[in-house]
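Thanks for making the time this morning. I would like to walk you through one structure, so please have the sequence and the model open while I talk.

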Amino acid sequence: MIDRRATAAREDGAITLWAFLLMLVLLGFMGLAVDFWHIWEARRDLSGAADAAATAGAGGIDETVFRDLDEVRLNIPLAEAYANESLDAQGDLPVLSERVVDPSSGVDVFVRLETEVDLTLMRIVTATSTVEVDAEATAIPYRSDPCSVAEPCPPPHTLLGGGGP
């Protein structure tokens, strides 16, 4: 015959041990989720800032070339200044470990941003206290109207499909 008191005495605290281990696992997953959230948030912020800076830099077209030759080219110092002003105006950016603004091709503006994110629980798993996060963006200036000197715009009434005078 099985002595139930002896079996119960051996299993005393088993539920407490399982609950403790389960709580440790859940705490670990919560810590990992917080770290992944910080990494994702930094990536999102850098991506938006890089896109905005590249777009602002693409607005720095060389107006003389545009007027004389009807070509869209970048004024390289102006494009770089516009991109850097855009980055400087974004006060909520994390501290950047790298900031590259390159309009040197004269055709597009390339922006690369990098920062380091401090880890909490993942530093135990990865043996490092930070992770590098980066974002890149490229913008190309373009004409806002479909017309050019070589191909002038048609009269407005033909664009709407109506008859002309």
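**The tryptophan pair and what surrounds it**

Let me begin with a single side chain: W40 is partly exposed, and its relative accessible area comes to 46%. I should say at once that this is a predicted model, so please hear everything that follows as a description of a prediction. W37 is likewise partly exposed, with a relative accessible area of 46%. These two tryptophans both belong to helix 2, which covers residues 14-58, and they sit 3 residues apart, about one turn of the helix. The structure holds 1 aromatic pair, and W37 and W40 form that pair in a tilted arrangement, with 5.1 Å from centre to centre and 35 degrees between the planes.

Let me now step back to the overall layout. The protein has 165 residues, of which 24% count as buried, and its secondary structure comes to 6 helices and 3 strands. Read from the N terminus, the order of the elements is α-α-α-α-β-β-α-β-α. If we take the contacts between residues at least 6 apart in sequence, 56% of them join residues at least 24 apart. The protein exposes about 11,600 Å², and carbon and sulfur atoms supply 61% of that area.

Some of the nonpolar surface is gathered in one place. L17, W18, F20, L21, L24, L27 and M30 form a nonpolar patch on the surface, and together they have about 800 Å² of accessible area. F20, one of the residues of this patch, lies in helix 2.

Now to the interior. As a general point, nonpolar side chains in soluble globular proteins tend to be buried together. Here the largest nonpolar core has 24 residues, and those with the most contacts inside it are L87, V111, L113 and V133. Which elements each supply at least two residues of this core? They are helix 2, helix 4 (76-89), strand 2 (109-118) and strand 3 (130-139), and the largest share, 8 residues, comes from helix 2. For a view from one position in the core, consider L113: leaving aside its neighbours within four places in sequence, L113 is in contact with L46, A49, A50, L87, L96, E98, R99, V133, D134 and A135.

Two of the residues on that list, E98 and D134, bring me to the charged side chains. In general, side chains of opposite charge can pair when their charged atoms come close. The structure holds 8 salt bridges, and I will go through a few of them.

The side chains of E98 and R112 meet in a salt bridge, at 3.1 Å from N to O. E98 lies in strand 1 (residues 96-102) and R112 in strand 2, so this pair ties together parts that are 14 residues apart in sequence. R112 also forms a salt bridge with D134, where the closest N and O atoms are 3.0 Å apart. Because R112 lies in strand 2 and D134 in strand 3, that second pair ties together parts that are 22 residues apart in sequence. Is R112, which takes part in both pairs, buried or exposed? At 18% relative accessibility, R112 counts as buried, whereas E98 is partly exposed at 29% and D134 is partly exposed at 31%. Salt bridges that share partners join E98, R112, E114, D134 and E136 into one network.

A salt bridge within a single helix makes a useful contrast. R67 pairs with E63, the closest N and O atoms being 3.2 Å apart, and both residues lie in helix 3 (residues 63-69), 4 residues apart, about one turn of the helix. R67 counts as exposed at 63% relative accessibility, while E63 is partly exposed, with a relative accessible area of 43%.

One last detail concerns the backbone. D70 lies in the loop between helix 3 and helix 4, and its phi is near 60 degrees, a positive value in a residue other than glycine.

To close, I would ask you to look again at two places in this predicted model: the core whose largest share comes from helix 2, and the network of salt bridges that includes R112.

Note on methods
Residues are numbered from 1 along each chain as its sequence is written. This is a predicted model: local features need pLDDT of at least 70, side-chain atom pairs count only at pLDDT 80 or more; totals for chains, interfaces and linings use all residues. Side-chain values use heavy atoms; hydrogens and water are left out. Buried means under 20% relative accessible area, exposed over 50%, partly exposed in between (1.4 Å probe, protein chains only). Contact means heavy atoms within 4.5 Å. Accessible areas come from the Shrake-Rupley method with a 1.4 Å probe; for residues, only the protein chains shown count as cover. Rings of Phe, Tyr and Trp (its six-membered ring) pair if their centres lie within 6.5 Å; planes under 30 degrees apart count as stacked, over 60 as edge-to-face and the rest as tilted. Patches are made of residues with over 30% relative accessible area and no salt bridge: like charges are joined within 9 Å, nonpolar side chains (Val, Leu, Ile, Met, Phe, Trp, Tyr) within 5 Å. A salt bridge is a side-chain nitrogen of Lys or Arg within 4 Å of a carboxyl oxygen of Asp or Glu. A nonpolar core is a set of buried Ala, Val, Leu, Ile, Met, Phe, Trp, Tyr and Cys residues joined through side-chain atoms within 4.5 Å.
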